[in-house]
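Open the model in your viewer and keep the selection panel at hand. The tour goes from the whole chain to a sheet, a helix and one side chain.

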Amino acid sequence: MTDNPRLTLRRAGIAFGFACLLLMLAIPTIFVLLRGDRFTDSTLDYTARFRTNAAAEELARTLEQDWRDLLALAQRVPQLNPEELGHMLTGASGDGSRISWLGYADLGGTVVAATNGLLVGQDVNQRPWFRGGLSGGFAGDVHDAVLLAQLLGSGDGEPLRFIDLALPVLDQAGNPAGVLGLHINAAWLTNELRESARLYGLDLYLLNPTGDVSATSADETPSTGEMQILRAAQTGIETGGRERWPDGRDYFSTVVPQVTHGDLPNFGWRMIGRLEVGRLPFGIDLMQSGAHWALLAMITGIGLLTLVFVRAIMVPLSRLAASAEKIADGSQDYPAISRGTREASQLSLALMRLQHDRISDES
C-alpha cells in the first residue's frame with residue numbers, strides 16, 4: 001500500500017493563510033524598526049512648524065486689530081478738542097490692564113491728550129514711538145517704561161514694559177498734525193504666548209532682530225551663544241530641526257521669520273516654537289489610539305478568509321479525492337457533483353463517467 005503524504009489540502013490552505021498573515025505582519029514591523037524613528041522625527045518636525053506658524057498668526061491677528069482700532073481713532077482726532085479727545089482715548093484704553101496708555105502728541109512732540117491725562121504737557125519728541133510715528137506706521141519692540149514708570153508702576157514689583165504702535169495724524173487738509181501712540185503692556189504679550197503655548201502644546205519664544213528674547217512662554221531664556229536655532233533666527237530665514245537645549249532635553253524647533261498680518265507694521269519679531277521630542281510619542285500614541293484593534297481586525301479577517309477559502313475550494317477537492325479512492329477500491333457509489341471550481345466540476349464529472357462505465361461493464 002502506498003503511503004500518502006501527511007499534508008492535506010485543508011492543512012495546506014490553512015498554512016498558506018498563516019504564511020500570508022506572517023508576511024503581512026513582518027513587512028510593516030521591519031519598516032517600523034528601520035524607518036520608525038525617521039517617520040516620527042518628520043512628524044514632530046511638521047507638527048512644530050505647523051503649530052508655531054498658527055501661534056504666530058494668532059498673535060499677529062490680535063495686534064492687527066489694535067492697529068485697525070488705532071487707524072479709526074486717528075481719523076477722529078482732528079474733529080475733537082483736547083478735552084473731548086482725552087475722554088475718547090481714556091475710554092478706548094479700557095481698564096488699563098492691556099492698553100496701558102493711549103496718547104496724542106502734536107508735531108512738536110508735546111502730549112496734547114492721553115489716557116486719564118497721563119503725560120499731558122510732557123515732551124515725547126525723543127521717544128522712538130513718536131519719531132517712528134511721524135514717518136509712517138510704527139511698531140516697537142518690548143522696552144522698559146521711561147516716562148510712565150513712576151506714574152503707573154506694575155503693582156507687583158516688576159518693571160513696567162510696553163510694546164508700541166504709532167501712526168501719523170493728518171488734519172482735515174491732509175497735512176501731518178501729530179502722532180497717535182499706543183502702549184500695550186508687555187505682561188499681556190507674555191500671557192498671550194503662554195496661552196498659545198498651552199493650546200498648541202509647545203514653548204514659544206519671541207525674538208527681536210538682534211536675537212534677544214522679547215517674550216517667552218517658557219521659564220528659561222537661553223542665549224544665542226547656547227543655541228543654534230537662536231542664531232539662525234537672527235538671519236530672518238525660516239528654518240528648524242532637532243537640537244538639545246540647555247535643560248538637557250531634545251526639542252524640535254522651528255523659526256517663523258515674521259510675525260505680522262495684513263497692514264500691521266513689522267515689529268521685527270521672529271517666533272521660535274519648540275516641541276519636546278517625548279511630547280508626542282507617535283508610535284505609542286498610535287498603538288494606544290486603536291492600531292492594536294486594527295491589527296486584531298486584520299488577523300481576524302485573514303483568518304476568516306482562509307477558512308472560507310478552505311471550505312469552498314479545498315474541502316470539495318478532498319471529498320473528490322476520497323470518492324476516487326473508494327471507487328478504486330470497488331465502491332459503486334457515485335461521487336457528488338462539485339460546482340465550486342471548474343477543476344472540481346471536471347474532476348467530479350470524470351469520476352462519474354468512469355464509475356458509470358465500470359458499472360455498465362460489470363452488468
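Two residues are in contact here when heavy atoms lie within 4.5 Å. With that cut-off, take the contacts in the protein chain with a separation of 6 or more: 57% of them link residues 24 or more positions apart. Keep in mind that this is a predicted model.

**Whole chain.** Show the cartoon. The protein chain holds eight helices and ten strands. Of its 363 residues, 36% count as buried. Switch on the surface: the accessible area is about 20600 Å², and carbon and sulfur atoms own 55% of that.

**The sheet.** Select the five strands in the order S7-S6-S10-S9-S8. They form an open sheet with antiparallel pairing. Its edges are S7 (213–216) and S8 (240–244), each of which pairs on one side only. Look at the twist: neighbouring strands are turned by 25 degrees against each other on average, direction ignored. Now zoom to the S8 edge. Five bridges join S8 to S9 (residues 250–256), and the two run antiparallel. Pick Arg244 to see one bridge partner in S9, Asp250.

**The helix across it.** Select residues 186–200, which are helix H5. H5 lies across S6 (203–207), S7 and S10, and runs at about 55 degrees to S7. Its 15 residues reach 21 Å from first C-alpha to last, close to the 21 Å expected at 1.5 Å a residue.

Check both ends. At the N-terminal end, Asn185 is the cap: a side-chain oxygen sits 2.9 Å from the backbone nitrogen of Ala187. After H5 comes Gly201, with a positive phi near 70 degrees.

Next, colour the buried residues of H5: Ala186, Trp188, Leu189, Glu192, Leu193, Ser196, Ala197 and Tyr200. For the spacing, recall that an α-helix has 3.6 residues a turn, so residues three or four places apart point the same way.

**One arginine.** Go to S10 (residues 270–276) and pick Arg274. Is Arg274 buried or exposed? Arg274 counts as buried because its relative accessible area is 3%, under the 20% cut-off.

Which side chains does the side chain of Arg274 meet in polar contacts? One is that of Asp203, at 2.8 Å. Another is that of Glu220, at 2.5 Å.

Finally, expand the selection around Arg274. Leaving out residues up to four places away in sequence, Arg274 touches Leu202, Asp203, Tyr205, Ala218, Glu220, Trp245, Asp247, Tyr251, Phe252 and Ser253.

Methods. Residues numbered from 1 in each chain as written. Predicted model: local features only at pLDDT ≥ 70, side-chain atom pairs only at ≥ 80, totals over all residues. Heavy atoms only, no water. Helix = DSSP H or I, 4+ residues; strand = E, 2+ residues; numbered from the N terminus. Buried < 20%, exposed > 50% of the residue type's maximum accessible area, 1.4 Å probe, protein only. Areas by Shrake-Rupley, 256 points an atom, 1.4 Å probe, with all protein chains shown as cover. Polar contact = N/O pair within 3.5 Å; in protein donor to acceptor, adjacent residues only side chain to side chain. Expected span 1.5 Å × (residues − 1). Pairing = 2+ DSSP bridges. Axes fitted to C-alpha atoms, helices over the stretch in contact; angles between N-to-C directions.
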